[in-house]
Amino acid sequence: MPDAGPGEAVVKVQACGVCHTDLHYREGGINDEFPFLLGHEAAGIVESVGEGVTEVAPGDFVILNWRAVCHECRACRRGRPWYCFNTHNAKQPMTLTDGTALTPALGIGAFAEKTLVAAGQCTKVDPSASPAAAGLLGCGVMAGIGAALNTGNVQRGDSVAVIGCGGVGAASVAGARLAGAAKIIAVDLDERKLEWARSLGATHTLHAGSVDVVEAIRELTDGNGADVVIEAVGRPETYQQAFYARDLAGTVVLVGVPTPR
Ligand SMILES: NC(=O)c1ccc[n+]([C@@H]2O[C@H](COP(=O)([O-])OP(=O)(O)OC[C@H]3O[C@@H](n4cnc5c(N)ncnc54)[C@H](O)[C@@H]3O)[C@@H](O)[C@H]2O)c1
Ligand SMILES: [Zn+2]
Ligand SMILES: [Zn+2]
């Protein structure tokens, strides 16, 4: 690992989740820039920073995010940094001992003791938070809660269906609950995930292997379909279910990443 260059930070990783996107990388489903350094759902302590870094300092407890925003482009200037046109990661590559450059998954690469990121990828948080929990905010929780609260704009009293209740879907269930949804229908193939979804606020659960998912969601929503359907699997059949299970006046949010088959 090179020393932190201008605008960069070295972070000592304390915990990193396994997001399904890491598995897509492993299969070559995202791109073919092997070898990858996987892991992108992490929290840790800043160990050192390069020249010009002011936003974080050694010792700070941080969550890592995919890309640093530029603060200067037209999206950033409109106060919408999530649409930043000029996001960036660390400039210098991390390498294998023989010098082969690694591609860090989503510009993070946290399945390692330390990782090199752009300082703007570090979001300082309360150091009393558990690293294993805080790290999840870096991807699955952000994507899932964001799908419900922001993209899906779930409102009080809405009916919401979440297809796939892994890390992302479980967070969507929690987001729908936070927004005050009246009906939250969780769909998965795994009973354990359905149980967890219930503990996070699902009012109904459907085992995708035992029922017709679209029919069952329609039945639970007076025949209309759900106001917001969140797809958190990434397969053609579940994309299709999401559209058919939606109320005509409703919204579909596709969070799952489609992978070539
Ligand atoms: N858009 C984003 O920002 C973003 C962020 C994180 C992950 N993702 C993508 O979201 C998807 C989910 O990620 P994850 O980390 O939650 O994965 P995960 O493996 O934790 O969860 C996927 C869940 O889907 C369930 N499932 C599989 N097939 C199903 C089917 N036919 N019907 C219903 N449920 C089914 C699995 O049992 C599992 O519980 C992946 O494609 C991942 O790449 C997108
Ligand atoms: Zn992820
Ligand atoms: Zn920008």
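## Exercises on two zinc sites and a helix

In this predicted model, cysteine 84 is buried, with a relative accessible area of 12%.

**Exercise 1.** Determine which residues are the protein donors of the zinc ion (ligand 3), and decide whether its site is tetrahedral or irregular.

*Solution.* Begin with the atoms around the metal: the protein donors of the zinc ion (ligand 3) are the SG atoms of Cys70, Cys73, Cys76 and Cys84, and they lie 2.3 to 2.4 Å from the ion. Next, place these donors along the chain, where they follow the spacing C-x2-C-x2-C-x7-C. Then turn to the angles among the four donor atoms, which run from 104 to 117°. Four donors count as tetrahedral if all angles lie between 85 and 135 degrees, and the site of the zinc ion (ligand 3) is therefore tetrahedral. For comparison, the ideal angle for four tetrahedral donors is 109.5 degrees. Finally, consider accessibility: since buried means under 20% relative accessible area, cysteine 76 counts as buried at 13%, and cysteine 84 is buried at 12%.

**Exercise 2.** Work out which parts of the chain are tied together by histidine 40 and cysteine 139 at the zinc ion (ligand 2).

*Solution.* First list the protein donors of the zinc ion (ligand 2), which are Cys19 (SG), His40 (NE2) and Cys139 (SG), at 2.0 to 2.3 Å from the ion. Their spacing in sequence is C-x20-H-x98-C. Histidine 40 lies in the loop between β2 (36–37) and β3 (42–49), while cysteine 139 lies in the loop between α3 (131–136) and α4 (140–151), so this pair ties together parts that are 99 residues apart in sequence. As a last step, note that histidine 40 and cysteine 139 are both buried.

**Exercise 3.** Find the buried residues of helix α7, and explain why they are on the same side of the helix.

*Solution.* Start with the helix itself, which spans residues 213–220 and whose buried residues are Val213, Val214, Ala216 and Ile217. These residues cover an arc of only 165° around the axis, which puts them on the same side of α7. Now ask what covers them: the elements include the strands β8 (159–163), β9 (183–188), β10 (204–207) and β11 (226–231), together with helix α8 (236–244). To complete the picture, examine both ends of the helix. At the N-terminal end, aspartate 212 caps α7, with a side-chain oxygen 3.1 Å from the backbone nitrogen of valine 214, whereas just after α7, aspartate 222 takes a positive phi of about 55°.

Technical notes:
Residues numbered from 1 in each chain as written. Chains lettered and ligands numbered in written order. Predicted model: local features only at pLDDT ≥ 70, side-chain atom pairs only at ≥ 80, totals over all residues. Heavy atoms only, no water. Donors = N, O, S within 2.8 Å, 3.2 Å for Na, K, Ca; no water. Tetrahedral: all angles 85-135°; square planar, octahedral: opposite > 155°, others 65-115°. Buried < 20%, exposed > 50% of the residue type's maximum accessible area, 1.4 Å probe, protein only. Helix = DSSP H or I, 4+ residues; strand = E, 2+ residues; numbered from the N terminus. Arc of directions from axis to C-beta. Contact = heavy atoms within 4.5 Å. Polar contact = N/O pair within 3.5 Å; in protein donor to acceptor, adjacent residues only side chain to side chain.
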